[in-house]
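User: I have a structure open and want to learn how to read it. Can we take it feature by feature?

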Amino acid sequence: MPELIEVEAYRQLADRAVGRRITSIDAPDAWFLKRGITAGALSHALVDRTITGTRRIGKLLLVDTDAPTLGLRFGMTGRLLVDDTPGVNELQYASHRLDTGWDRFSIQFSDGGDLRMNDPRRLGGVELDPDETKLGPDATTITYRELADALHGSEAPVKARLLDQRRVAGLGNLLADEILWRARLDPARTAGSLTTGERRRLHGQVRSTVAQLVARGGSHMGDLREARVRGGRCPRDGAELARRTVGGRTTYSCPVHQR
């Protein structure tokens, strides 16, 4: 599933579109267009515009033009392609096929190339000028103080707080489980109960885990990933992993070393 690592790969791919002029928009799926935007309004806003740059905040890809900014969200199964090149070859929990019937949105350029969003489950979306202030600090750059503020006084499980994009932008289910496993913290602990030392340990693991998995090539490349199955055992101490629902997501954790 696209977490910040995959969306960063999409952003780097989308850089190939910078400097190119948009000649047409294809948006056949009205469900995929968010905040009341229509295919006609998208075309009116974007045709004859030039892409000037790309940015990413958490799992939101921002494509800037010389007028509006295009916001692309990828849900659980969305992939980005530019000139038929995918940003990620495959996603966990998604089909490995790239059926053109799953193309939800595309931009055609004056040089004949295109940018496409392919999403079999239709959980992503497209919007114009998204409200960037609704997102918390990006997990790749979050400071200790920003993370401590996101956790302070909360009765929510620490995992739920990490997954709340308004608090920490970019983490999804795989990364959150990996980070908490490495930080030796129970995902169901109330966020506000963490000590200063535990918060510092968690902050260090957020930054280092994301950096390491970027280098490895994906959110699915964590040390815990292969053990995230029923009956899976902790790679650190061999205990059978607990499988629960925490923060509305299926969660794997070690009952021995995560406290």
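User: Let's begin with empty space inside. Which residues line the largest cavity?

Analyst: First, the general idea. Rolling a probe the size of a water molecule over the atoms shows where empty space is left. Now this case, which is a predicted model. The largest cavity is lined by Leu174, Asp177, Glu178, Ser219, Gly222, Leu224, Arg225 and Arg228. Its volume is about 40 Å³.

User: How many cavities of 30 Å³ or more are there?

Analyst: The count is 1.

User: Next, helices. Which residues of H6 are buried?

Analyst: Start with the geometry. An α-helix has 3.6 residues a turn, so residues three or four places apart point the same way. In H6, the buried residues are Glu198, Arg199, Leu202, His203, Val206, Thr209, Val210 and Leu213. Seen down the axis of H6, these buried residues fall within an arc of 145 degrees, so they line one face of the helix. On the other side of H6, Arg200 and Ala215 are exposed.

User: What do the buried residues of H6 pack against?

Analyst: They pack against four partners: helix H1 (4-14), helix H3 (144-151), helix H4 (158-163) and helix H5 (173-183).

User: How far apart are the end C-alpha atoms of H6?

Analyst: They are 30 Å apart. Helix H6 covers residues 196-216, and its 21 residues should span 30 Å at 1.5 Å a residue, so the two values agree. Look just past the end, too. Glycine 217, just after H6, takes a positive phi of about 110 degrees.

User: Now strands. Which strands does E4 pair with?

Analyst: A general point first. In a regular strand the side chains alternate between the two faces of the sheet. Here, E4 pairs with strand E3 (residues 60-65) in the antiparallel sense, over 5 bridges. E3 and E4 form a hairpin, with 3 residues between them. One bridge joins leucine 61 to leucine 72 in E4. E4 also pairs with strand E9 (residues 125-128), again antiparallel, over 4 bridges. There, arginine 73 has glycine 125 of E9 as its bridge partner.

User: Why is E4 described as largely enclosed?

Analyst: Count its buried residues. Strand E4 (residues 69-73) has 4 of its 5 residues buried, so the rest of the structure largely encloses it.

User: Last, a single residue. Is aspartate 114 buried or exposed?

Analyst: Use the cut-off: buried means under 20% relative accessible area. Aspartate 114 has 18%, so it counts as buried. This residue lies in strand E8 (residues 114-118). Leaving aside neighbours within four places in sequence, aspartate 114 has contacts that include Arg20, Leu81, Asp83 and Phe109.

Conventions:
Residues numbered from 1 in each chain as written. Predicted model: local features only at pLDDT ≥ 70, side-chain atom pairs only at ≥ 80, totals over all residues. Heavy atoms only, no water. Helix = DSSP H or I, 4+ residues; strand = E, 2+ residues; numbered from the N terminus. Buried < 20%, exposed > 50% of the residue type's maximum accessible area, 1.4 Å probe, protein only. Contact = heavy atoms within 4.5 Å. Pairing = 2+ DSSP bridges. Expected span 1.5 Å × (residues − 1). Arc of directions from axis to C-beta. 1 Å grid on protein atoms, 1.4 Å probe; cavity = no way out; pocket = protein on both sides within 12 Å on 5 of 7 lines; lining within 4 Å. Points joined across faces, edges and corners; volume = space filled by probe spheres on them.
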